[in-house]
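Please examine the sequence and structure below before reading this briefing.

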Amino acid sequence: MPASQFSPDALRRIRRERGVTQRKLAAEIGRDFTTVSQYECGRCAPSVGTLATIADTLGVRLDDLVKAAA
């Protein structure tokens, strides 16, 4: 089974599709909005626990926020 990695583009796309601002998402996951911005720009990646919280908050599966590594 191939390894998976966080997809900043998927997070940005899904968040926008759901009409959630970075500030609102950050507040709901207990992070600063600049951290969410860094996730979306690929400067850093959330921990698996934070990624699971983001998925729950946005109403998606964890798999929707990761991509298969080549």
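The briefing covers a helix, the nonpolar core and a buried glutamate.

This is a predicted model, in which local features need pLDDT of at least 70, side-chain atom pairs count only at pLDDT 80 or more, and totals for chains, interfaces and linings use all residues. Residues are numbered from 1 along each chain as its sequence is written, and side-chain values use heavy atoms, with hydrogens and water left out.

**Helix α4**
- Helix α4 spans residues 48-58 (helices are DSSP runs of H or I, at least four residues, numbered from the N terminus).
- Its buried residues (under 20% relative accessible area, 1.4 Å probe, protein chains only) are Thr-50, Leu-51, Ile-54, Ala-55 and Leu-58.
- These residues lie on the same side of α4, because they cover an arc of only 145° around the axis (taken from the directions from the helix axis to the C-beta atoms).
- Gly-59, with a positive phi near 70°, follows α4.

**Nonpolar core**
- The largest nonpolar core (buried Ala, Val, Leu, Ile, Met, Phe, Trp, Tyr and Cys residues joined through side-chain atoms within 4.5 Å) has 15 residues.
- Two or more core residues come from each of α1 (8-17), α2 (22-29), α3 and α4, and α4 gives the largest share, four residues.
- Leu-58 is among the residues with the most contacts inside this core.

**Glu-40**
- Glu-40, in helix α3 (residues 33-41), is buried, with a relative accessible area of 2%.
- The side chains of Glu-40 and Arg-15 are joined by a polar contact of 2.4 Å (a pair of N or O atoms within 3.5 Å; within protein, one must be able to donate a hydrogen and the other to accept it, and residues adjacent in sequence count only if both atoms are side-chain atoms).

Conventions
Buried < 20%, exposed > 50% of the residue type's maximum accessible area, 1.4 Å probe, protein only.
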